[in-house]
Amino acid sequence: MDTPDTTVAARAQLQPQDQQDGSYPDAGSAAAANTALAVVSAADGAAAGSTPGRSLSPASVSTVADGLSLALNAAKLVTEFSFATAKFATSAGIHTAKAVVDRVGESTGLDATGITPIISTTLSVADAISLAGIGIGEFFTNLSFSAASTSVNTVGNVFGDSEVNLAIREFAALVKREMERDVEVLVGDSDQAEITRKTLNDIGVFEIAKSLTAWICLQRMVAADYYRVKQASACGESLLPLLARALREPIESNDLDSEQSVDIVIDGEEPQAAVDSEAAGIAIIRGHIGSESASGHSSTADGTSLTTERLFQNIRRYIRFSTGSYGKMAISFLAPSSITFQDQLQEARNRRSSESVGSGHAFFSAYTTRPLPTIYHTTEHNQKATENPLLQAISSSVPRLLPENTTHYKPTFYLILDHPNKAVVLCLRGTLSFHDVMVDLTGDYSTVDIDGKSYFVHSGMQRHAERMTLPADAWLASISSQQAGSLDGTGSVTNPFRTDPTPPYVHEAVAAGLRAHAGYSLVLTGHSLGAALAVLMTLQWGDAATGRVKPSSRFPANTRIHCFAYASPALMASAERSGGIGCGGVATGFEMLVTNVVVGDDVVPSVSLGAIRDLAGVAAYMHTQPNLANGLVSRYIARKTGVTDAADNASELEIHSQLRGACFTNQKLYPVGRAFWIPHADDGSEDVREVLSPAEGMFGDVVFTKDMISDHLPTKYEAVIRGL
């Protein structure tokens, strides 16, 4: 991998990804796996290749886990059949007895005395009690099977031959490399400075924590005179006056009532016309793909100039999609008031619909007011392929006894026909699962070429975004080498229990939606990790010069494409440097394709491996100046308690400048595209500003504030954007 060459103090060269040993030693897991091998005899052959005296290889663990999943699935089927048989036999026996009693009562006249009716009622009560007992037993049995299956799948994914295991080992290798990497520190004045080399292991955890605490105190002391000033200078004037009319327009559209008749349209069928929502008196915010920059007006290929007002109408609309993708449980935890009674009522209706394939599908429909038929492809459709008409048309997937192959990462997504906006919308969920977290943490840099230019990019996000853009055959081909052998490189191990993975069919579903609805645009949106994947997929499919899809995407020609990214992580940087000196800057030229929104003090758009290395440089620098950290903490406490004048911070600004010049020299990544910042004012109100100089004080530095985490939450983004 190509890496930037840094020549100043506290620099850290990006090294190639470490290749790790294929085994994942874990005594407990090995013992559990060895015990399981005694039960699943077919796994013995796969485990035979393991080196004696070592833990089972990931491939062998996967074989055991998949074998146990098969056994659990078979046992569950047998148990379900047994419970069904018990219910049938119990009901049949009691109903036969009731019939005999009733016949005897009629023939003997005992029914007139009330004796046989009492007996018949007693038998009915016995039937209900028996069936209830069987039902309770079935419930707890199924619950036990579900818990066991989840546990087995977790062990298989974390310790087995899966991308989760690969991501864990990549992250462990990255941490190990960074802890052992020499951090060069320039000590002394510039004309008599000496370079000292320290590793984070040499410094120690306690010293690192103390140094970072001192740095946070220093940031707080200079925030008003440095960070706020830099942020203001990096942004344009307030856009609130310009957006006043757009922000007054209603956001919601009652499409759940107006479009219930819309069907899923398969390529080749005649599309059904959507109900004219405006004619029905429903307030709609129309979609417009494209943007105009403060540095110059952009336009679509047909010459239609698009205003910032219209762009913000889209921003306000699609934040609801991005938030809703997290599901009811996450939103209920983060912001219970975001889910209204009407949402709950509509979700209950959707769950009774035959088109709903899961609770997530039903909730997304209710939360975004999108009718179920218009949400025509989701991750849940992949899990139940035969329930999706689109997948029936392009896939031969059928229910099977063998466990689902979950070794490869597939982000949670929703594909929506947004008829009011005349767009096919691909919404990707942000970080929620353990595998999502591991994708975030595999943050080493790789290089990509886009339209003849080279860029640094977050390796984990790029790898999975690129795969998501592929058609099913190419998706399977991209993992065939891993599937044929093992992900950890320990050699080819045949797993008789593993099925072929089910592709996400995102490309096919997008293409089908666009072909069935001529003139519709393609919108990608997401929050956090979902935003990063959406951006990278947009760059794969879209032409930055025209705002249209590339011919290589295989989508209908001249389809407009745009990405609305909320809280996008630091993602890319230019790999081209002037004269080969210094670090690459912001990846520019993608304003026609991507619009970014950042709220308040959200730290995620500034976090990258380079930013972490900057902080490592601060820790190394303070380690060589034993009294500096203690002195900064003492000064901060004195300022907060009123002992010293908080307005007099000239010395702190000088120290801050010295530390930044010595330590903040590493290659960083930045969000991509046109960016808008919504800062919080002291009175609690919000403003809207366009970011004109992303690398000059806006992104790149990790600034520690009390709202750096809370401002990243999807519910916070929705509340702020829709509350403007």
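These exercises with worked solutions walk through parts of the structure above.

The model is predicted: local features need pLDDT of at least 70, side-chain atom pairs count only at pLDDT 80 or more, and totals for chains, interfaces and linings use all residues. Residues are numbered from 1 along each chain as its sequence is written, and side-chain values use heavy atoms, with hydrogens and water left out.

**Exercise 1. The sheet of nine strands**

Task: Find the strand order of the open sheet of nine strands, and say which strands stand at its edges.

Solution:
- Step 1. Start with the terms. Helices (H or I, at least four residues) and strands (E, at least two) are DSSP runs, numbered from the N terminus. Two strands pair if DSSP finds at least two bridges between them.
- Step 2. Read the order across the sheet: β3-β16-β15-β14-β12-β9-β6-β5-β4. The pairing is mixed.
- Step 3. Look at the ends. β3 (235-238) and β4 (375-378) each pair on one side only, which makes them the edge strands.
- Step 4. Add the twist. Neighbouring strands are turned by 20° against each other on average, direction ignored. Axes here are lines fitted to C-alpha atoms, for helices over the stretch in contact, and angles run from 0 to 180 degrees between N-to-C directions.

**Exercise 2. Strand β12 and its neighbours**

Task: Decide whether the residues of β12 (561-566) are buried or exposed. Then trace how β12 is joined to β9 and β14.

Solution:
- Step 1. Set the cut-offs. Buried means under 20% relative accessible area, exposed over 50%, and partly exposed in between (1.4 Å probe, protein chains only).
- Step 2. Count. Six of the six residues of β12 are buried, so the strand is largely enclosed by the rest of the structure.
- Step 3. Sort the side chains. Ile561, Cys563 and Ala565 point one way. His562, Phe564 and Tyr566 point the other way.
- Step 4. Go to β9 (521-527). Six bridges join β9 to β12, and the two run parallel. Gly526 has Ala565 in β12 as its bridge partner.
- Step 5. Go to β14 (residues 594-599). Four bridges join β12 to β14, again in parallel. Tyr566 has Val597 in β14 as its bridge partner.
- Step 6. Take one more step across. β14 and β15 (residues 674-678) pair in the parallel sense over five bridges. Val598 is matched with Trp677 in β15.

**Exercise 3. Helices on the sheet**

Task: Which strands does helix α11 (residues 308-324) lie across, and which does helix α21 (residues 529-541) touch?

Solution:
- Step 1. Contact means heavy atoms within 4.5 Å.
- Step 2. α11 lies across β5 (413-418), β6 (423-428), β9, β12, β14 and β15. It runs at about 65° to β12.
- Step 3. α21 packs on the sheet and touches β6, β9, β12 and β14. Its direction makes about 150° with that of β9.

**Exercise 4. A helix pair**

Task: Describe how helix α23 (residues 626-641) meets helix α24 (residues 650-663).

Solution:
- Step 1. Their axes come within 12 Å and cross at roughly 145°.
- Step 2. List the residues that meet. Leu628, Leu632, Arg635 and Arg639 are in α23. Ser651, Glu652 and Ile655 are in α24.
- Step 3. Class them. The contact has three nonpolar, one polar and three charged residues. Ala, Val, Leu, Ile, Met, Phe, Trp, Tyr, Cys and Pro count as nonpolar, Asp, Glu, Lys and Arg as charged, and the others, Gly among them, as polar.
- Step 4. Pick out Ala662, also in α24. Ala662 counts as buried because its relative accessibility is 12%. Its C-alpha atom is separated by 9.3 Å from that of Asp614, 48 residues apart along the chain.

**Exercise 5. Helix α14**

Task: How many residues of α14 (residues 359-368) are buried?

Solution:
- Step 1. The buried residues are Gly360, His361, Ala362, Phe363, Phe364, Ser365, Ala366, Tyr367 and Thr368.
- Step 2. That is nine of the ten, so α14 is largely enclosed by the rest of the structure.
- Step 3. Move past the helix. Thr369 follows, with a positive phi near 55°.

**Exercise 6. Cysteines**

Task: How many disulfides does a search of the whole structure find?

Solution:
- Step 1. A disulfide is a pair of cysteine sulfur atoms within 2.5 Å.
- Step 2. The search finds zero.
- Step 3. Check two cysteines. Cys217 is buried, at a relative accessible area of 8%. Cys427 is buried too, at 0%.
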